Amino acid sequence: MPKSVIQYSLLISCPGDIKEEINCVEECVTQFNTLYSDALGIEIVTKHWRKSSYAQSGGKPQALLNEQFVNDCDAAVAILWTRFGTPTDEYGSGTEEEVEIMLSSGKQVFMYFSDKPLSPSQMNEESYKKVQAFREKYKDRGIYFTYSSDEEFKTLFFAHLSQFFLSEKRVAEVKGERHSELKIVGIDQTQHISDVAHIISFIPNTDMTISKYLEKIRTLYADISARNLEKRIEMPEKIVRYTLAFNKPVEIDEGDRKIICSMADHLGINITEDFFILGNLSQSSIPTGIMGGYSFSGTDAEKEKYDTIQELLETISKALEWAPVEKAFDDKKCLKLAIQNCGTDIDEDIEISLRIPKNSLLPISEFPKFDNDKMGYLLNDCDMSELFGICSTSTYSHYDSSIVTSRRFSPRVSTSSVFPGYVPNYNDDFESELADVFSYSCFGEGEEYIVKIKFDYIKHNTIIAFPSVIFIKAPFTVMPYTITSKNSPKVVSGEIRITEDMQHQ
């Protein structure tokens with residue numbers, strides 16, 4: 001799950017003789033992040049010239065380092081032992097300059113001096129005197145500690161790091177900087193976000209509507225009518241009998257002709273007997289291949305006309321299956337809603353309660369009724385979550401992007417495909433699918449319905465659509481709502497104005 005954290009940069013400032021302590025600092029920071037990053041939304045990242053600097057020309061080395069990352073650090077840990085470091089233009093060493101930059105900016109500096117044993121051969125007396133002078137300079141300011149082993153340094157630093165970043169003031173600052181800000185917004189007919197919720201005509205999310213099916217059907221009729229083929233050549237009876245042993249003429253059967261003619265009459269399309277002429281197209285009487293198919297013999301034009309007639313039949317069949325579904329919803333109105341997080345932090349375990357007048361909401365119990373065949377068609381041939389859902393756009397995301405476990409557990413398997421000829425009762429499966437797609441809880445309270453919906457999480461500066469449209473049977477003017485969530489100590493109360501979108505009626 002995505003996490004939102006405030007990131008603090010910690011500068012590690014030290015001369016070249018400090019090595020093990022750098023590893024100790026990295027370990028302490030990793031431990032701190034592991035313990036507190038998720039809980040408090042704080043993450044510390046370390047900056048050190050060996051890993052954070054890059055090649056750059058046009059300035060003195062220390063000035064370039066300051067520009068690249070030192071000036072932007074939120075805190076620093078300075079560690080010295082025997083070496084003081086290379087002088088800069090203004091200070092005795094780079095470490096001294098970095099410490100002064102941080103202190104002059106009012107930032108925290110954790111300062112440590114090593115008292116670990118040192119052999120005489122490692123000692124540079126002049127450099128060590130500079131370290132001692134630097135230590136003396138800061139002793140009255142009470143900002144440094146000493147240590148005599150790496151383990152002691154690690155214990156000290158982790159304690160000081162935790163005390164600083166876990167102080168009440170710092171935690172309060174973090175909480176003040178990071179917060180979610182949730183509200184309900186509407187989605188209009190053009191898929192744009194609005195502070196007003198629009199009652200709009202329901203349009204199923206499908207590529208093929210009745211108008212598109214009919215447009216395709218008309219095009220196929222015209223295409224087939226334009227494919228003029230010669231009638232089948234009459235052959236002597238002996239040759240016909242011999243030929244039929246291996247190939248039989250291909251014709252459009254009577255039932256398919258009636259379907260095609262009936263649809264043509266309905267659309268006012270005139271077709272002639274030539275419409276069904278397939279020339280000398282024939283089909284092998286002997287199965288070919290592993291799958292047992294039958295090959296066709298004929299010209300490309302004959303085969304193409306046959307294929308186009310089959311495509312017409314299939315399109316008519318699909319249109320006839322879809323038509324009752326579209327008709328059942330062609331007068332329905334709906335709301336499309338989304339939740340918006342205008343804040344700077346993610347939020348989790350969100351529950352929204354909408355108040356809708358009972359005479360305005362169309363609950364699932366009043367959904368259009370379908371016979372068993374149509375329920376089977378919707379279950380097996382349509383994706384109901386897509387038909388009634390709210391698709392994502394560049395502005396807002398789909399509902400499933402906000403939940404940990406997808407609502408769609410497994411595809412439904414048609415029983416008739418396992419047991420041909422058997423038609424199951426789809427009623428229970430259909431009701432279960434509706435409850436899954438329209439995943440709202442609905443409770444009656446006086447003259448209103450309380451409609452509840454849950455989101456697992458929402459990122460900051462994000463808009464997420466509701467799982468599906470909400471069907472409306474009568475206009476109303478305002479919809480009060482409340483939002484509870486994990487990261488908000490208060491219940492968010494608000495309302496969104498409702499308007500009927502006449503532009504697209």
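The legends below describe views of a predicted model, from the whole chain to a single sheet and its details.

**View 1. Overall content of the chain in the predicted model.** The chain comprises 15 helices and 20 strands. Of its 505 residues, 43% are buried. The exposed surface of the chain amounts to about 27,500 Å², with carbon and sulfur atoms supplying 50% of it. Among contacts between residues at least 6 apart in sequence, 78% link residues at least 24 apart.

**View 2. An open sheet of 5 strands.** The strands follow the order S2-S1-S3-S4-S5, and their pairing is parallel. Strand S2 (42-47) and strand S5 (144-147) occupy the edges; each has a single partner strand, so one side of each is left without a neighbour in the sheet. From one strand to the next, the twist averages 25 degrees. Strands of a sheet pair through backbone hydrogen bonds, in either a parallel or an antiparallel manner.

**View 3. Pairing of strands S4 and S5.** Strand S4, spanning residues 108-114, runs parallel to S5 and is joined to S5 by 4 bridges. Within this pairing, Ser-114 is positioned opposite Tyr-147 of S5. Strand S5 (144-147) is also one of the strands at the edges of the sheet.

**View 4. Helix H5 across the sheet strands S3, S4 and S5.** Helix H5 is formed by residues 125-138 and lies across strand S3 (75-80), S4 and S5. Relative to S4, helix H5 runs at about 135 degrees. In the order of the sheet, S2-S1-S3-S4-S5, the strands covered in this view follow S2 and S1.

Methods
Residues numbered from 1 in each chain as written. Predicted model: local features only at pLDDT ≥ 70, side-chain atom pairs only at ≥ 80, totals over all residues. Heavy atoms only, no water. Pairing = 2+ DSSP bridges. Helix = DSSP H or I, 4+ residues; strand = E, 2+ residues; numbered from the N terminus. Axes fitted to C-alpha atoms, helices over the stretch in contact; angles between N-to-C directions. Contact = heavy atoms within 4.5 Å. Buried < 20%, exposed > 50% of the residue type's maximum accessible area, 1.4 Å probe, protein only. Areas by Shrake-Rupley, 256 points an atom, 1.4 Å probe, with all protein chains shown as cover.
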